[in-house]
Amino acid sequence: WQLKKNLYLCAMNIQDSRSLQALLDKKPVITIIPHTSPDGDAIGSSLGLYHFLRNQGHDVQVITPTDFPDFLKWMPAAQDILIYPNEERKVEQRIANSTLIFTLDFNNLLRAKPLTPLLEQSGADFVMIDHHQQPDTYAKITYSDDKASSTCELIYKTIVSFSSVEAINYEIATCLYTGIMTDTGGFRYSLTSAETHRIVATLLEKGADCTKISSQVLDSYSIDRLLLLGHVLNDLTYLEQYRTAYMYISSKTLKQFNFRKGDTEGFVNYGLRIKEAELAAIFIENEEDKLIKISFRSKTNLDVNLLARTYFNGGGHINAAGGSSHISLEDTLKYFLEVLPKFLSLPNAYQPMPTI
Ligand code: 5GP
Ligand code: MN
């Protein structure tokens, strides 16, 4: 790889680029790991980097800590991904043999459950590329930019600064476009910058098909999934006083609608369709993991990352965060209603919005 200095002002810094170059020069056994329950950005960034490294002649494998939705399985080389725990032995062997591990779209090894212990035991060098707040310190090289719209944007910058825009081929463009599109909510969220659009323009020039990608990711509901959405919206509660809309899904309801991985993705956003709403929440019972998975979204400068961190063992971004709870769904909802006014009256509940 040839290092192009100062090509992008906020790409990985020169010292880290040099360290990464030195690691790559050793022809490492590379594994790429996105966060658990990977979304479009997690899979898009992992596969985008995978294609690039493979094209450069590297030995590289993507491993996901859990399965991921069918609406991402069409992505180029998605079939090459090892999914834990479906391929438990292969995954364990690969991680044990890896000398370089990229962790993408997360910044704390607890977000890679159930692979966390395997990663903690690994002797590999770690590289974190991520855009969430409060990065942990496990990686030898940390490229973390919480002003970036998506990890895919950071992978784009990494590829261009280590090689050139010529290295972006159709496969890479398709993967990165998908992640940028999903993490910006279709180029709508506040971190969508002029630079995001410039990057996306290049990805389109490289062959990413925006119509096909959005149809494969967004217009791909099963009838069960659409009816589940209807059921959930029917029970939505709007608390005018707190400008908060919340929804919940019990495991019984999930079974009733033949739940498949990814079916509830994006549901939380519907709460923000209410004009006055500032905060939306969804609580989903996960019988298998014996927890309630929670997602928060906001459309002003209300910091749902703070809400998730302070009360729900979670984290994320100002406008999109998540967490979990280990009490019943009913008790979790009660707890939420109890802490909501406390959260809203915290002095730092409203953050100054980043300038981009
Ligand atoms: P989602 O609600 O789509 O699952 O996640 C929204 C954002 O919050 C994502 O950026 C995700 O990485 C982060 N997030 C979701 N759940 C958790 C969690 O349990 N812990 C932490 N630290 N972040 C989370
Ligand atoms: Mn992301």
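K27 is found in the loop between α1 (14–25) and β1, and in this predicted model it has a positive phi of about 50 degrees although it is not a glycine. K27 is exposed, with a relative accessible area of 53%. A second residue with this kind of backbone geometry is N313, whose phi is near 50 degrees, again a positive value in a residue other than glycine. N313 lies in the loop between α11 and β11 and is exposed, with a relative accessible area of 65%. The table sets these two residues beside T300, a loop residue with a computed accessibility of its own.

| Residue | Loop | Relative accessible area |
|---|---|---|
| K27 | between α1 (14–25) and β1 | 53%, exposed |
| N313 | between α11 and β11 | 65%, exposed |
| T300 | between β10 and α11 (304–311) | 25%, partly exposed |

For T300 there is also a distance to report: its C-alpha atom and that of A277, 23 residues apart along the chain, are separated by 9.3 Å.

Cis peptide bonds also occur in loops. One joins Y84 and P85, with omega about 0 degrees, and P85 is found in the loop between β3 and α3. Another runs from K113 to P114, with omega near 0 degrees, and P114 has its place in the loop between β4 and α4.

**The parallel sheet**

One open sheet consists of 6 strands in the order β3-β2-β1-β4-β5-β6, with parallel pairing. β3 (82–83) and β6 stand at its edges, each with a single partner strand, so one side of each is left without a neighbour in the sheet. At the β3 edge, strand β2 (residues 59–64) is joined to β3 by 2 bridges, and L82 in β3 is the bridge partner of I63. At the other edge, β5 and β6 pair in the parallel sense over 4 bridges, with V127 standing opposite I141 in β6. In a regular strand the side chains alternate between the two faces of the sheet. Along β6, I141 and Y143 point to one face and are buried, while T142 and S144 point to the other and are not.

Helices lie across this sheet. Helix α3 (residues 88–97) spans β1 (29–34), β2, β3 and β4 and runs at about 130 degrees to β2, whereas helix α5 (residues 151–162) lies across β4, β5 and β6 at about 115 degrees to β5.

**The manganese site**

Which residues supply the protein donors of the manganese ion (ligand 2)? They are D41 (OD), D105 (OD), H131 (NE2) and D183 (OD), lying 2.2 to 2.3 Å from the ion, and in sequence these donor residues are spaced D-x63-D-x25-H-x51-D. D105 lies in the loop between β4 (100–104) and α4 (116–121) and H131 in the loop between β5 (125–130) and β6 (141–144), so the pair ties together parts that are 26 residues apart in sequence. Both D105 and H131 are buried.

D41 and D183 also appear in the contact between two helices, where G40, D41, G44, S45, L47, G48, H51, F52 and N55 in α2 meet E171, I172, C175, L176, G179, T182 and D183 in α6. The axes of helix α2 (residues 40–55) and helix α6 (residues 170–183) come within 8 Å and cross at roughly 160 degrees. An angle over 145 degrees counts as roughly antiparallel, and α2 and α6 are therefore roughly antiparallel to each other. Their crossing is left-handed.

**The mixed sheet**

Another open sheet has 6 strands in the order β7-β8-β9-β10-β12-β11, and its pairing is mixed. β7 (237–239) and β11 (315–316) stand at the edges, each with a single partner strand, so one side of each is left without a neighbour in the sheet. Within the sheet, strand β10 (residues 291–298) and strand β12 (residues 320–325) pair in the antiparallel sense over 6 bridges, and K293 stands opposite S324 in β12.

Helix α9 (residues 223–234) packs on this sheet, touching β8 (244–249) and β9 (279–286), and its direction makes about 130 degrees with that of β8. Helix α12 (residues 329–344) lies across β7, β8, β9, β10 and β12, running at about 170 degrees to β8.

How values were computed
Residues numbered from 1 in each chain as written. Chains lettered and ligands numbered in written order. Predicted model: local features only at pLDDT ≥ 70, side-chain atom pairs only at ≥ 80, totals over all residues. Heavy atoms only, no water. Donors = N, O, S within 2.8 Å, 3.2 Å for Na, K, Ca; no water. Buried < 20%, exposed > 50% of the residue type's maximum accessible area, 1.4 Å probe, protein only. Pairing = 2+ DSSP bridges. Contact = heavy atoms within 4.5 Å. Axes fitted to C-alpha atoms, helices over the stretch in contact; angles between N-to-C directions. Parallel < 35°, antiparallel > 145°, perpendicular 65-115°, else oblique. Left-handed = near helix turned anticlockwise from the far one by under 90°.
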